[in-house]
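Please read the sequence and turn the structure slowly before going on with this report. The text below moves from the overall fold to single residues and ends at a pair of rings.

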Amino acid sequence: MGEENMDTVPFNVYCNSIDIMMGLHDIILNLQKQSPTENIYLGQVTMSPQHAKQFAYLLLEHVKKYEEIFGEIPSPPSEEKMRELSEQGIIGVKSGE
């Protein structure tokens with residue numbers, strides 16, 4: 001490890017929600033863990049647009065490999081379907097999400 005990394009502490013989290021923001025020089029990922037009863041802010045990852053583009057490419061390549069091995073990952077249900085399931089009491093969805 002380089003000297004600049006000596007004070008950093010690696011972390012492992014489960015994240016199921018990401019808000020993405022951008023500025024001229026940065027792409028910002030706000031990581032969250034959401035459940036029907038809470039929304040926990042986990043932290044933020046900031047990277048250059050160049051790094052974000054490479055990250056997006058690598059992530060897509062891994063998703064393709066995953067689907068080749070395990071089968072297609074289903075798309076999430078539509079907002080209409082989520083609302084319907086929530087109204088039926090099958091799932092809990094917080095308003096505004």
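In what order do the strands of the open sheet lie, and is their pairing parallel or antiparallel? The open sheet has 3 strands in the order 1-2-3, and the pairing is antiparallel. Strand 1 and strand 3 are the edge strands, since each of them pairs on one side only. On average, and with direction ignored, neighbouring strands of this sheet are turned by 20° against each other. This is a predicted model, and everything described here has been computed from it.

**The chain as a whole**

The protein chain contains 2 helices and 3 strands, and, read from the N terminus, its elements follow the pattern β-β-β-α-α. Of its 97 residues, 11% count as buried.

**How the strands are joined**

Strands of a sheet pair through backbone hydrogen bonds, either parallel or antiparallel. Here strand 1, which covers residues 17-22, pairs with strand 2 in the antiparallel sense over 6 bridges, and a hairpin of 4 residues makes the connection between strand 1 and strand 2. Strand 2 also pairs with strand 3, residues 39-47, again in the antiparallel sense and over 8 bridges, and a hairpin through 4 residues leads from strand 2 to strand 3. The table lists residues that stand opposite each other across these pairings.

| Residue | Opposite residue | Strand of the opposite residue |
|---|---|---|
| S17 | Q32 | strand 2 |
| M21 | I28 | strand 2 |
| N30 | Q44 | strand 3 |
| Q34 | N39 | strand 3 |

**The enclosed strand**

Why can strand 2 be called largely enclosed by the rest of the structure? Strand 2 covers residues 27-34, and 6 of its 8 residues are buried, so the rest of the structure largely encloses this strand. One residue of strand 2 is I27. I27 counts as buried because its relative accessibility is 18%, and the cut-off for a buried residue is under 20%. The C-alpha atoms of I27 and M47 are 5.4 Å apart, although the two residues are separated by 20 residues along the chain.

The residue D26 has its place in the loop between strand 1 and strand 2. With a relative accessible area of 34%, D26 is partly exposed. D26 also has a partner that is distant in sequence, for P49 is 23 residues away along the chain, while the distance in space is 5.8 Å from C-alpha to C-alpha.

**A pocket and its lining**

Rolling a probe the size of a water molecule over the atoms shows where empty space is left. The second largest pocket has a volume of about 410 Å³. Which elements each supply at least two residues of its lining? They are strand 1, strand 2, strand 3 and helix 1, and helix 1 gives the most to the lining of this pocket, with 4 residues. The residues that line the second largest pocket are C15, I18, I20, I27, L29, L31, V45, M47, A52, F55, L59 and V63. Both I27 and M47, described above for the distance between their C-alpha atoms, are thus found in this lining. Sorted by class, the lining of the second largest pocket has 12 nonpolar residues, with no polar and no charged ones.

**A pair of rings in helix 1**

How many aromatic pairs does the structure hold? The structure holds 1 aromatic pair. It is formed by Y66 and F70, whose rings are 4.8 Å apart from centre to centre, with 45° between their planes, and the pair is tilted. A pair counts as tilted because the angle between its planes is neither under 30 degrees, as in a stacked pair, nor over 60, as in an edge-to-face pair. Both Y66 and F70 lie in helix 1, residues 49-70, and they are 4 residues apart, which is about one turn of the helix.

Are these two residues buried or exposed? Y66 is partly exposed, at 42% relative accessibility, whereas F70 is exposed, with a relative accessible area of 60%. The two descriptions follow from the cut-offs, because exposed means over 50% and partly exposed covers the values between that and 20%.

Notes. Residues numbered from 1 in each chain as written. Predicted model: local features only at pLDDT ≥ 70, side-chain atom pairs only at ≥ 80, totals over all residues. Heavy atoms only, no water. Phe/Tyr/Trp six-rings, centres within 6.5 Å; stacked < 30°, edge-to-face > 60°. Buried < 20%, exposed > 50% of the residue type's maximum accessible area, 1.4 Å probe, protein only. Pairing = 2+ DSSP bridges. 1 Å grid on protein atoms, 1.4 Å probe; cavity = no way out; pocket = protein on both sides within 12 Å on 5 of 7 lines; lining within 4 Å. Points joined across faces, edges and corners; volume = space filled by probe spheres on them. Nonpolar A, V, L, I, M, F, W, Y, C, P; charged D, E, K, R; others polar. Axes fitted to C-alpha atoms, helices over the stretch in contact; angles between N-to-C directions.
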